[in-house]
Amino acid sequence: MNNKMKKLTILLLAAVLASGLAACGKKEEPALSPAQTENAASPSAASSPSASPDAVSETKQGTGEFVGLADSHTVEITMAGESASFQFDENTTSMTGFKTGDQVAFEYVEKALEGKDAGKQLILTKINKELIANGKGGGTNQAGGSVQPEADLPATKEFTLTLEGDKEKRTGKLAEAGGYALYVFDGFTFDAAVGKLSMDIDKDYYVEIEKLPSGFKWDEIKTDAEKELAALGEVRELKADEISPMLGGASLMMIGSSDKLTNEVIVKEVDGIGYLIKVNMPHTEASEGFGPFAFTSLSSISNQ
């Protein structure tokens with residue numbers, strides 16, 4: 001073999017040896033699963049976290065008084081005497097038809113804002129006019145649940161009253177006020193404008209009825225009642241089993257009295273809507289007929 005052939009043979013052997021060494025040095029990678037392939041193509045959340053969305057609470061309900069628009073996407077509503085601003089999307093929530101002073105029912109969510117002590121943003125999702133004296137529609141109760149209006153009530157209704165120990169049937173006539181209705185008996189007059197039920201033969205016998213706002217505060221009502229009733233003497237809060245069944249149920253009943261007069265402060269709830277009731281009852285013979293009729297009227301209160 002000549003020198004030229006020897007050099008060619010040596011070069012070929014060197015090339016084969018180098019190729020083998022390279023193959024031995026290369027570690028074969030295992031085949032990737034589809035999931036691993038996808039993860040390889042896009043970094044995992046753990047290695048590259050994305051900003052978490054703002055926390056949004058569950059839908060809440062409320063009622064209040066429509067104040068007006070602060071700007072094109074902010075509306076102010078007064079709830080329980082305090083004004084609150086709600087953001088809204090004009091594409092989903094229209095403010096058309098609302099004016100200052102309208103009583104409204106609405107739904108909203110609370111959106112947590114970023115940053116330390118940033119607070120929350122109120123987002124309005126639904127709004128409609130709440131029931132008024134002659135309106136129809138839905139509202140919300142104290143617990144935030146839906147309140148449906150009563151069906152059309154009959155003009156008159158028969159009740160069974162206990163008068164001087166005997167049960168008697170008497171007919172009451174329907175009377176409507178601001179957002180509620182009740183039945184009134186002969187011998188009584190109801191002034192819907194001020195929510196006052198009085199006895200015809202003696203106007204000093206009367207009941208004042210006030211529909212409470214959503215979210216009313218029990219402590220404030222009790223404190224005010226104690227101050228008012230204390231002017232007559234010792235104030236007593238009745239236990240549940242002491243409250244007259246003629247009322248048809250009451251959440252609170254407080255009494256203050258003197259030798260000549262008894263005053264009562266009552267909170268009655270009807271399907272979640274609260275009513276503050278104040279009773280003025282002098283100590284005369286007429287009191288025997290006042291209580292059963294007045295309390296039965298109060299038991300007939302219905303939301304509208």
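Two strands count as paired when DSSP finds at least two bridges between them. With that in hand, here is a walk through this predicted model, starting with a hairpin.

**The hairpin and its sheet**

Strands S12 and S13 make a hairpin, with two residues between them. S12 covers residues 196-199 and S13 covers residues 202-211, and the two pair in the antiparallel sense over four bridges. If you want a spot to look at, find Leu197, which stands opposite Val207 in S13.

From there you can step on to S17. S13 and S17 run antiparallel and are joined by six bridges. Here Glu210 stands opposite Leu276 in S17. One more step brings you to S16 (residues 261-270), which runs antiparallel to S17 and is joined to it by 10 bridges. Val265 has Lys278 as its bridge partner in S17.

What order do the seven strands of the open sheet follow? They go S11-S12-S13-S17-S16-S15-S14, with antiparallel pairing. The edge strands are S11 (188-191) and S14, each of which pairs on one side only. From one strand to the next, the twist averages 15°. As background, strands of a sheet pair through backbone hydrogen bonds, either parallel or antiparallel.

**A helix across the sheet**

Now look for helix H3. H3 lies across S14, S15 (252-257), S16 and S17, and runs at about 15° to S15.

Two salt bridges tie this helix to strands. Lys222 forms one with Glu237, with the closest N and O atoms 3.1 Å apart. That pair links distant parts of the chain: Lys222 sits in H3 (residues 218-230) and Glu237 in strand S14 (residues 235-237), 15 residues apart. Lys222 counts as partly exposed because its relative accessibility is 27%, and Glu237 counts as partly exposed at 40%.

The other salt bridge joins Glu228 and Lys278, whose closest N and O atoms are 3.0 Å apart. Glu228 lies in H3 and Lys278 in strand S17 (residues 273-282), so the pair ties together parts that are 50 residues apart in sequence. Glu228 is partly exposed, with a relative accessible area of 38%, and Lys278 is partly exposed as well, at 27%. Lys278 is also the residue that serves as bridge partner of Val265.

**Salt bridges elsewhere**

The count of salt bridges comes to nine. Another of them brings together the side chains of Glu242 and Arg236, at 3.1 Å from N to O. Glu242 is partly exposed, with a relative accessible area of 38%, and Arg236 is partly exposed too, at 42%. There is also a network of salt bridges, which links Lys60, Glu110 and Lys120.

Here are three of the pairs side by side:

| Salt bridge | Closest N to O distance |
|---|---|
| Lys222 and Glu237 | 3.1 Å |
| Glu228 and Lys278 | 3.0 Å |
| Glu242 and Arg236 | 3.1 Å |

**Aromatic rings**

The chain has 12 aromatic pairs. In one of them, the rings of Phe86 and Phe106 have their centres 5.3 Å apart and their planes at 65°, so the pair is edge-to-face. The two rings come from distant parts of the chain: Phe86 is in strand S3 (residues 82-87) and Phe106 in strand S4 (residues 103-112), 20 residues apart. Are these two buried or exposed? Both Phe86 and Phe106 are buried.

Phe185 and Phe293 form an aromatic pair that is edge-to-face as well, at 5.5 Å centre to centre with 65° between the planes. This pair links Phe185 in strand S10 (residues 180-185) to Phe293 in helix H4 (residues 287-299), 108 residues apart. Why does Phe185 count as buried? Because its relative accessibility is 3%, and buried means under 20%. Phe293 counts as buried too, at 11%.

Phe185 and Phe293 belong to one aromatic cluster, together with Phe159, Tyr183, Phe188, Tyr205 and Phe290.

**The whole chain**

Stepping back, the secondary structure of the protein chain comes to four helices and 18 strands. Of its 304 residues, 34% count as buried. Among contacts between residues at least 6 apart in sequence, 52% join residues at least 24 apart. The chain exposes about 18600 Å², and carbon and sulfur atoms supply 52% of that area.

Methods:
Residues are numbered from 1 along each chain as its sequence is written. This is a predicted model: local features need pLDDT of at least 70, side-chain atom pairs count only at pLDDT 80 or more; totals for chains, interfaces and linings use all residues. Side-chain values use heavy atoms; hydrogens and water are left out. A salt bridge is a side-chain nitrogen of Lys or Arg within 4 Å of a carboxyl oxygen of Asp or Glu. Buried means under 20% relative accessible area, exposed over 50%, partly exposed in between (1.4 Å probe, protein chains only). Axes are lines fitted to C-alpha atoms, for helices over the stretch in contact, and angles run from 0 to 180 degrees between N-to-C directions. Contact means heavy atoms within 4.5 Å. Accessible areas come from the Shrake-Rupley method with a 1.4 Å probe; for residues, only the protein chains shown count as cover. Rings of Phe, Tyr and Trp (its six-membered ring) pair if their centres lie within 6.5 Å; planes under 30 degrees apart count as stacked, over 60 as edge-to-face and the rest as tilted.
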